[in-house]
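Here is a colleague's note for someone opening this entry without prior acquaintance. Please keep the sequence and the 3D view at hand while reading.

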Amino acid sequence: MGVKQITGYIWDEAERLPRNEMRKLQLERLQSCLTRVAKSVPFYRDKLANAGITPGDLGSIDDLARLPFTYKSDLRDNYPFGLFAKPASELVRLHASSGTTGKPTVVGYTQNDIELWSNLVARALAAAGVTSEDVVQNAYGYGLFTGGLGIHYGAEKIGATIVPVSGGNTQRQIMLIQDLSSTVLCCTPSYALVIAEALASEGIHPATLPLKVGIFGAEPWSEEIRHQIQDRLGIPALNIYGLSEVIGPGVAMECPQQVGMHIFEDHFIPEIIDPDTGESLPDGQVGELVFSCVTKEALPLIRYRTRDRTRLIREECACGRTMVRMDRILGRTDDMLIIRGVNVFPSQIETVLLRSAETEPQYQILVDRGDNHLDYLTVVVEAPQSTVGDSDRRGQLQTDLAQELNSALGISCAVRLVGPQEIQRSDGKAIRVIDNRII
Ligand code: AMP
Ligand code: ZN
């Protein structure tokens, strides 16, 4: 299917600051942020004192590498408000990031933080061409998760009409797109595929819908998934990135060039480091993304270790923005599976599966430990009923995929084809890995 064309625009002039001015602005903001946290957050006062650093010691933004890191465990150890730089009376909002175990990570915002966040999401939406004429159907979850309310305030800032539908109830999503003439769809990429499947099964051709662009994020997705979504919905699928600890959605956003996400680095200074040694890595190399949130009032984290793996791209972008780009998230330092001693990233598996024209972009990765203490990797993937129902065809495809995965990953694995809709769908972040090992 043809993909509609969009024209983005630049929300504020900071997006095209020359590099030397950006570095100067970042240094000023970093110094003033350090002064603030050294005064109001005992955790940072002690850390900076132990490292023997005072804010005036920083002569250039490259000195950032001398500062200590902040980890998710620091937020957990100081749960819920220990790293906040403002008293409760100045907070106007709390959100929380879902943890798989134990307590969530709580993040807070002052009125100025909410204003900043709204402007940054407006920047992101503007990059996708969203204007006051648009109707934004927001199918990110509302609640403690930052996705829903983050997009909401940004869309209102632009003056667009927001439809705060939240995730789930796919039939209703489709009805609202049609009846309210939604032009922009915001949700996770996996939920965009769920909507696309429902359209197909109801016989609704996407070209008959008013949608003109999709803004998808909150979970990793590959270039292959992008093509699937664009093909099935007929709209450009742009990537938006963010995390609660930094602010929420609106940390980085792709422009219509689709060559990586521009990081809003006047507020969130990015670095890429080697996750094992903590050393800074040069531009272009893949490592762990680290952010210093230099303008936030309530939770100004310094050198926060995101655990997300990517690389920075400095080359000029045709859109005119000077802000550095980050590649799509290539995995997390903590979602790396170690199977029989081999490092395996779910994204590698996804890339192989989606190269096959016969499988659907719905899969799950199962890891089990046998009685012999060896690990077994099984990849379950959906295929059309015509393939699954034909035992010869199914057997052949399973063998072919297992071989391709074997050569891509360097370990053997089993592939199990299942029929359409057999893998559970999610209206938020998809669950791709089920690790049954008890380690
Ligand atoms: P949360 O703080 O619960 O919103 O989760 C933030 C995490 O979601 C990030 O650290 C990433 O791992 C993931 N994430 C958010 N946006 C994206 C995106 N566009 N691509 C890949 N992963 C993403
Ligand atoms: Zn660009």
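The points below take up a metal site and then a sheet with its helices.

1. The model is predicted, and the values that follow should be read with that in mind.

2. The zinc ion (ligand 2) has as its protein donors Cys255 (SG), His262 (NE2), Cys317 (SG) and Cys319 (SG), which lie 2.1 to 2.3 Å from the ion. The angles among these four donor atoms run from 100 to 116°, and the site is tetrahedral; for four tetrahedral donors, the ideal angle at a metal is 109.5 degrees.

3. Along the chain, the donors of the zinc ion (ligand 2) follow the spacing C-x6-H-x54-C-x1-C. Cys255 sits in the loop between strand 8 (248-254) and strand 9 (261-263), while Cys317 sits in the loop between strand 13 (312-313) and strand 14 (325-326), so this pair ties together parts that are 62 residues apart in sequence. Both Cys255 and Cys317 are buried.

4. Turning to the sheet, four strands form an open sheet in the order 19-18-17-20, and their pairing is mixed. Strand 19 (414-418) and strand 20 (433-435) are the edge strands, each pairing on one side only, and the twist from one strand to the next averages 20°.

5. Within this sheet, strand 17 (residues 363-369) pairs with strand 18 (residues 375-382) over seven bridges in the antiparallel sense, and Ile365 stands opposite Val379 in strand 18. Helix 9 (residues 346-355) packs on the sheet, where it touches strand 17, strand 18 and strand 20, and its direction makes about 130° with that of strand 17. Helix 11 (residues 391-409) also packs on the sheet, touching strand 18 and strand 19, with its direction at about 140° to that of strand 19.

Technical notes. Residues are numbered from 1 along each chain as its sequence is written. Chains are lettered from A and ligands numbered from 1 in the order in which they are written. This is a predicted model: local features need pLDDT of at least 70, side-chain atom pairs count only at pLDDT 80 or more; totals for chains, interfaces and linings use all residues. Side-chain values use heavy atoms; hydrogens and water are left out. Two strands pair if DSSP finds at least two bridges between them. Helices (H or I, at least four residues) and strands (E, at least two) are DSSP runs, numbered from the N terminus. Axes are lines fitted to C-alpha atoms, for helices over the stretch in contact, and angles run from 0 to 180 degrees between N-to-C directions. Contact means heavy atoms within 4.5 Å. Donors are N, O and S atoms within 2.8 Å of the metal (3.2 Å for Na, K and Ca); water is not among the atoms, so sites may look incomplete. Four donors count as tetrahedral if all angles lie between 85 and 135 degrees; four count as square planar and six as octahedral if opposite donors are over 155 degrees apart and all others between 65 and 115; anything else is irregular. Buried means under 20% relative accessible area, exposed over 50%, partly exposed in between (1.4 Å probe, protein chains only).
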